[in-house]
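Thank you for making the time this morning. I would like to walk you through one model, going from side-chain pairs to the backbone and then to the pocket.

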Amino acid sequence: MGLSIDAVLAASPVMAVVTIFDAATAPALVSALHRGGVATIEITLRTPVALEAIRRVVGEVEGALVGAGTVLTPGDLEAAANAGAAFAVSPGSTTMLLEAGRNGPLPYLPAIATASEIMRGLDHGYRAFKVFPASAMGGVEAIRAFAGPFPTVTFCPTGGVTPDTAGDYLALGNVACVGGSWLTPADLVRAEDWAGIEALARKARSPELVRIIANTG
């Protein structure tokens with residue numbers, strides 16, 4: 001496992017969270033994100049074609065850092081690795097998944113929503129977590145509060161993050177990046193409007209967000 005989860009989170013201030021319904025279009029969609037400057041893409045395992053989409057993207061899009069999201073079981077970790085994913089992300093964490101992630105084939109980012117879940121992750125050797133659903137569990141103020149008791153922990157807030165709130169999260173010293181599904185809205189994906197998606201990616205890599213992440217890094 002050459003790549004670390006810290007390196008994954010540092011690759012881009014915004015990680016695109018993408019659900020694919022047509023594997024054939026996945027390379028074009030990811031290429032648009034990559035051209036727009038979003039280097040890290042999480043393809044969720046929420047559809048039957050997700051693993052095939054990862055395979056196609058890995059084989060056809062050079063330079064993109066593509067991982068698997070919505071990983072629920074150790075078997076999902078293995079399947080994601082076999083498809084060529086560079087990292088894995090889950091919407092929560094179980095003891096079995098935490099143990100498998102520590103010894104598995106991919107850098108793994110478990111998710112938390114409470115202090116107790118952070119403590120359980122720390123017990124298993126993790127220092128980086130997805131926060132999900134970020135806005136519903138308290139947003140910026142909740143993550144700011146985690147910095148007191150958990151000063152060595154870094155987060156990737158996902159769930160309800162918007163272009164208007166992304167900068168507020170990134171301004172926190174304990175946030176490495178944010179996850180955003182707004183980069184690939186369903187109407188643009190259905191229309192195969194790759195130029196529109198590239199434009200959204202460019203906005204996500206705006207000088208303001210880049211400056212925020214640089215000043216807090």
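Let me begin with K130, whose charged end sits over the ring of F132, 4.9 Å from the centre of that ring. Please keep in mind throughout that this is a predicted model. F132 also takes part in a backbone feature, because a cis peptide bond joins F132 to P133, with omega at about -10°, and P133 itself is found in the loop between β7 and α7.

A second charge over a ring involves R102, whose charged end lies over the ring of Y126 at 5.2 Å from its centre. Which ring does Y126 pair with, and in what arrangement? The count of aromatic pairs comes to 3. In the pair of Y108 and Y126 the ring centres are 5.8 Å apart and the planes stand at 85°, so this pair is edge-to-face. The two tyrosines come from distant parts of the chain, 18 residues apart, with Y108 in strand β5, residues 108-109, and Y126 in the loop between α6 (115-123) and β7 (128-131). Both Y108 and Y126 are buried. Elsewhere, F146, F150 and F155 form one aromatic cluster.

While we are in that part of the chain, let me point out P151, which lies in the loop between α7 and β8 (154-157) and is exposed, its relative accessible area being 64%. The C-alpha atom of P151 is separated by 7.7 Å from that of N174, although the two positions lie 23 residues apart in terms of chain numbering.

Now to the salt bridges. In general, side chains of opposite charge can pair when their charged atoms come close. The structure holds 5 salt bridges, and I will take a few of them in order along the chain. E52 forms a salt bridge with R55, with 3.4 Å between the closest N and O atoms; these two residues are 3 apart in helix α3, residues 50-60, and are therefore separated by about one helical turn. Both ends of this bridge are partly exposed, E52 at 32% relative accessibility and R55 at 40%.

The side chains of E141 and R144 meet in another salt bridge, at 3.0 Å from N to O. Here too the partners are 3 residues apart, about one turn, this time within helix α7, residues 139-146, and R144 is partly exposed with a relative accessible area of 43%.

In helix α10, residues 194-204, the spacing is 4 residues, again about one helical turn, between R202 and E198, whose side chains meet in a salt bridge at 2.7 Å from N to O. Is each partner buried, or partly exposed? E198 counts as buried, at 16% relative accessibility, whereas R202 counts as partly exposed, at 46%. These two residues also belong to a wider arrangement, in that R35, E198 and R202 are linked in a network of salt bridges.

Let me turn to the backbone, where two residues other than glycine have a positive phi, and I will take each with its surroundings. T70 has a phi near 55° and lies in the loop between β3 (65-69) and α4 (74-83). With a relative accessible area of 14%, T70 is buried, and, once its neighbours within four places in sequence are left aside, T70 is in contact with E42, T44, L45, R46, D76, V89 and P91. The other residue is E192, also with phi near 55°, which is found in the loop between α9 and α10 and is partly exposed, at 45% relative accessible area.

Finally, the pocket. The largest pocket has a volume of about 410 Å³. How many residues line it, and which lie nearest its centre? There are 27 lining residues, and V18, T19, I20, F21 and T184 are the ones nearest the centre. Four elements, β1 (14-18), β2 (40-44), β9 (178-180) and α9 (186-190), each supply at least two residues of the lining, and the largest share, 3 residues, comes from α9.

Methods:
Residues are numbered from 1 along each chain as its sequence is written. This is a predicted model: local features need pLDDT of at least 70, side-chain atom pairs count only at pLDDT 80 or more; totals for chains, interfaces and linings use all residues. Side-chain values use heavy atoms; hydrogens and water are left out. A salt bridge is a side-chain nitrogen of Lys or Arg within 4 Å of a carboxyl oxygen of Asp or Glu. Buried means under 20% relative accessible area, exposed over 50%, partly exposed in between (1.4 Å probe, protein chains only). Contact means heavy atoms within 4.5 Å. Rings of Phe, Tyr and Trp (its six-membered ring) pair if their centres lie within 6.5 Å; planes under 30 degrees apart count as stacked, over 60 as edge-to-face and the rest as tilted. A charge sits over a ring if NZ of Lys or CZ of Arg is within 6 Å of the ring centre and within 35 degrees of the ring normal. On a 1 Å grid over the protein atoms alone, a cavity is a set of points where a 1.4 Å probe fits but cannot get out, and a pocket is an open set with protein on both sides within 12 Å along at least five of seven lines; lining residues have an atom within 4 Å of a point. Grid points are joined across faces, edges and corners, and a volume is the space filled by probe spheres set on the points.
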